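Colleague: I would like to go through this model with you step by step, and I would ask that each answer come with its reasoning.

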Amino acid sequence: MENKTMTEKESMEIISRMLINTQHRLENGSGKTFLIWGYTSILITLSVMFALIISNNNPFWNLLWFAIPIVGWLLTYLLKVNKSKGVKTYVDISISYLWIVLTIIAIVLAFFSFYRTEWFQLGKYMTFLILLIMGGGVVISGKILKFKPLTIGGSICMGLSLLLPFLFTWINTSWEGEYFYVVQSIIFILAIASAMIIPGHILDYRGKKAYKLANESNL
């Protein structure tokens, strides 16, 4: 019995060390990753909104949405903000695979959104689906890492996404089309700020603070 108790304690210690290690790695660089993706998403959202309004809802400009993963991955790679040293834990790998799968799902849905028939118009609800997927991923990441700003931000993102289907129906019947893009963009920006930018700044602040304390202790 005693050996079993010790084994359970050791297992909990290993899991705790993995979480602490992952949290430290998250603070040392991932704050900037969230900020890169967050601000990139906002800039491209504004670009799409203005392009659609100016062009009188020319669907061609929706192709700009694909710039988010392209620019986001490119800037992340060029700036090498997530190349922290150390062995990756199982938690690190799990979160990485989670976001790879969610990104692939979002891209596939984006491609299908351009296929429209009388009975199939996925593009109308694309923003809703993207925010729901992203918010869910942020909540899961926050729960795994026990980092409340991510959990709260992701929950707000998912909550805002649920407004969009009802908003689309209401605006489509009572407002002119261009107002829909403005309101949709505002909701999208608020969701991105809640899920990525605010947690990103908190992570970045913690990372800088930890780096400063580490340097002071070495003096």
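Modeller: Before we begin, one cut-off is needed: a residue is buried under 20% relative accessible area, exposed over 50%, and partly exposed in between. Please also keep in mind that this is a predicted model.

Colleague: How many helices and how many strands does the protein chain have?
Modeller: Read along the sequence, the chain follows the pattern α-α-α-α-α-α-α. The secondary structure therefore comes, with helices and strands taken as DSSP runs, to seven helices and zero strands.

Colleague: In which helix is the confidence highest, and in which is it lowest?
Modeller: For the protein chain the mean pLDDT is 77, and 68% of the residues reach 70 or more. Over residues 1–6 the pLDDT is below 50, and this stretch has zero contacts in the model beyond near neighbours in sequence. Where pLDDT is low, the predicted coordinates should not be read in detail. Among the helices, the highest mean, 94, belongs to α5, and the lowest, 69, to helix α6 (residues 163–174).

Colleague: What share of the contacts with a separation of 6 or more comes from residues 24 or more positions apart?
Modeller: One example of a pair far apart in sequence is L46 and Y181, which are 135 residues apart along the chain while their C-alpha atoms are separated by 9.7 Å; this is a distance between C-alpha atoms, whereas a contact is defined by heavy atoms within 4.5 Å. Counted over the protein chain, the share is 75%.

Colleague: Which residue forms a salt bridge with D204?
Modeller: Side chains of opposite charge can pair when their charged atoms come close. A search of the whole structure finds one salt bridge, and it links distant parts of the chain, with D204 in helix α7 and its partner in helix α1 (residues 2–54), 172 residues apart. The closest N and O atoms are 3.0 Å apart, and the partner of D204 is K32.

Colleague: Is K32 buried, exposed or partly exposed?
Modeller: D204, with 13% relative accessibility, counts as buried because this value is under 20%. For K32 the relative accessibility is 38%, which falls between the two cut-offs, so K32 counts as partly exposed.

Colleague: How far apart are the C-alpha atoms of R206 and G31?
Modeller: R206 lies in helix α7, and at 37% relative accessibility R206 counts as partly exposed. Along the chain R206 and G31 are 175 residues apart, but the separation of their C-alpha atoms is 8.7 Å.

Colleague: Why does L150 count as buried?
Modeller: L150 has its place in helix α5 (residues 148–161), and L150 and I198, 48 residues apart in sequence, are 8.8 Å apart in space, C-alpha to C-alpha. The cut-off for a buried residue is under 20%. L150 counts as buried because its relative accessible area is 1%.

Colleague: Which residues is Q184 in contact with, leaving aside its neighbours within four places in sequence?
Modeller: Q184 lies in helix α7 (residues 177–218) and is buried, with a relative accessible area of 9%. One of its partners, T127, is found in helix α4 (residues 126–145) and is also buried, at 10% relative accessibility; not counting residues up to four places away, T127 touches L164, Q184 and F188. For Q184 itself, the contacts are T127, L164 and L167.

Colleague: Which helices each supply at least two residues of the lining of the largest cavity?
Modeller: The count comes to one cavity of 30 Å³ or more, and about 50 Å³ of space lies in the largest cavity. Its lining consists of T45, V48, M49, L52, W65, T127, Y181, Q184, S185 and F188. The helices that each supply at least two of the lining residues are α1 and α7.

Colleague: What part of the area that the protein chain exposes do carbon and sulfur atoms supply?
Modeller: Of the 219 residues of the protein chain, 39% count as buried. The chain exposes about 13,800 Å², and the part supplied by carbon and sulfur atoms is 69%.

How values were computed:
Residues are numbered from 1 along each chain as its sequence is written. This is a predicted model: local features need pLDDT of at least 70, side-chain atom pairs count only at pLDDT 80 or more; totals for chains, interfaces and linings use all residues. Side-chain values use heavy atoms; hydrogens and water are left out. Helices (H or I, at least four residues) and strands (E, at least two) are DSSP runs, numbered from the N terminus. Buried means under 20% relative accessible area, exposed over 50%, partly exposed in between (1.4 Å probe, protein chains only). Accessible areas come from the Shrake-Rupley method with a 1.4 Å probe; for residues, only the protein chains shown count as cover. A salt bridge is a side-chain nitrogen of Lys or Arg within 4 Å of a carboxyl oxygen of Asp or Glu. pLDDT is the predictor's confidence in each residue, from 0 to 100. On a 1 Å grid over the protein atoms alone, a cavity is a set of points where a 1.4 Å probe fits but cannot get out, and a pocket is an open set with protein on both sides within 12 Å along at least five of seven lines; lining residues have an atom within 4 Å of a point. Grid points are joined across faces, edges and corners, and a volume is the space filled by probe spheres set on the points.
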